[in-house]
Amino acid sequence: MGASKLSQDPHKLRESREKNLETAIGREVREFRHARSMTVADLAEAAGLSVGMLSKIENGVTSPSLTTLQALSAALSVPVTSFFRRFEERREAVHVKAGEALEIERAGTRAGHQYNLLGHIGANNSGVVVEPYLITLSEESDTFETFQHEGIELLYILEGEVGYRHGDQSFHLRPGDSLFFDADAPHGPDELIRLPIRYLSVISYPQGGG
């Protein structure tokens with residue numbers, strides 16, 4: 001697969017906490033306005049502001065006074081504190097030490113597959129839930145190629161060799177190999193070639209799904 005340029009730069013740093021408070025406030029004002037199907041002119045009139053001033057606030061160009069924020073909160077029917085939500089919200093991180101990943105039950109558990117959840121973050125601003133697992137297939141494991149669920153999935157093989165089916169295709173996966181696929185098609189290991197088999201499985205799907 002040839003190299004291609006991604007639209008997101010993973011090394012880019014956000015300017016001083018979302019370019020600072022003005023940008024965070026502006027984004028919230030715009031999102032509340034859109035949620036109410038209001039134009040810039042509609043909100044400006046309701047809040048007693050000029051269209052130009054409101055545009056500057058939404059674009060983070062100017063710092064609104066407390067009086068202006070109170071006027072906007074009244075026009076949008078939201079608390080003043082809601083404009084600071086994105087600026088002050090907590091960003092979570094989960095650290096799981098070696099050997100302490102939580103063993104859980106999933107559909108393949110009945111086939112002898114061991115699932116260790118490597119971390120979990122619930123509701124978040126990305127709109128996406130990600131479930132990272134370390135999966136181990138041992139001598140007692142059975143093949144199980146009928147997983148099917150919402151979202152996309154990435155496999156990365158750490159140890160052993162496995163035949164992994166996705167839809168009507170089967171892939172011979174060795175250490176260092178990866179498989180990235182639409183998880184709505186039936187999938188799963190259909191041949192245990194060299195045991196034990198250990199691989200990472202990272203599943204992502206929209207919040208509220210799964």
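Q: Which residues form one aromatic cluster with Y164?
A: In this predicted model, the structure holds four aromatic pairs. Y164 belongs to one aromatic cluster, and its partners there are F181 and Y199.

Q: Is the pair of Y164 and F181 stacked, tilted or edge-to-face?
A: A pair of aromatic rings is described by the distance of the centres and the angle of the planes. Planes under 30 degrees apart count as stacked and those over 60 as edge-to-face. The ring centres of Y164 and F181 lie 6.0 Å apart with the planes at 35 degrees, so the pair is tilted.

Q: How many residues apart in sequence are the parts that Y164 and F181 tie together?
A: Y164 is buried at 2% relative accessible area, and F181 is buried at 6%. Y164 sits in strand 4 (residues 152–166) and F181 in strand 6 (residues 178–182), so the pair ties together parts whose separation in sequence is 17 residues.

Q: Which residues touch the most other members of the largest nonpolar core?
A: In soluble globular proteins, nonpolar side chains tend to be buried together. The largest nonpolar core has 20 residues, and those touching the most other members are L155, Y164, L173 and Y199.

Q: Which strands each supply at least two residues of this core?
A: One of the residues touching the most other core members is L155. Leaving aside neighbours within four places in sequence, L155 is in contact with residues including Y164, L173, F181 and Y199. The strands that each supply at least two residues of the largest core are strand 2 (113–117), strand 3 (128–137), strand 4, strand 6 and strand 7 (187–206).

Q: How many residues are in the other core, which has F83 among them?
A: This core lies apart from the largest one. M38, A44, I57 and F83 are among its members, and its residues number 14.

Q: Is the aromatic pair of F32 and F83 stacked, tilted or edge-to-face?
A: F32 is buried at 14% relative accessible area, and F83 is buried at 0%. Their rings are 6.1 Å apart centre to centre, with 75 degrees between the planes. An angle over 60 degrees decides the class, and the pair is edge-to-face.

Q: How many residues apart are F32 and F83?
A: F32 is in helix 1 (residues 21–35). F83 is in the loop between helix 4 (66–76) and helix 5 (85–88), and the pair links parts of the chain that are distant, 51 residues apart.

Q: How many charged residues are in the lining of the second largest pocket?
A: This pocket holds about 170 Å³ of space. Eleven residues line the pocket, with G119, H120, I121, V130 and P132 nearest its centre. The lining divides into seven nonpolar residues, four polar and, as for charged ones, no residues.

Conventions
Residues are numbered from 1 along each chain as its sequence is written. This is a predicted model: local features need pLDDT of at least 70, side-chain atom pairs count only at pLDDT 80 or more; totals for chains, interfaces and linings use all residues. Side-chain values use heavy atoms; hydrogens and water are left out. On a 1 Å grid over the protein atoms alone, a cavity is a set of points where a 1.4 Å probe fits but cannot get out, and a pocket is an open set with protein on both sides within 12 Å along at least five of seven lines; lining residues have an atom within 4 Å of a point. Grid points are joined across faces, edges and corners, and a volume is the space filled by probe spheres set on the points. Ala, Val, Leu, Ile, Met, Phe, Trp, Tyr, Cys and Pro count as nonpolar, Asp, Glu, Lys and Arg as charged, and the others, Gly among them, as polar. Rings of Phe, Tyr and Trp (its six-membered ring) pair if their centres lie within 6.5 Å; planes under 30 degrees apart count as stacked, over 60 as edge-to-face and the rest as tilted. Helices (H or I, at least four residues) and strands (E, at least two) are DSSP runs, numbered from the N terminus. Buried means under 20% relative accessible area, exposed over 50%, partly exposed in between (1.4 Å probe, protein chains only). A nonpolar core is a set of buried Ala, Val, Leu, Ile, Met, Phe, Trp, Tyr and Cys residues joined through side-chain atoms within 4.5 Å. Contact means heavy atoms within 4.5 Å.
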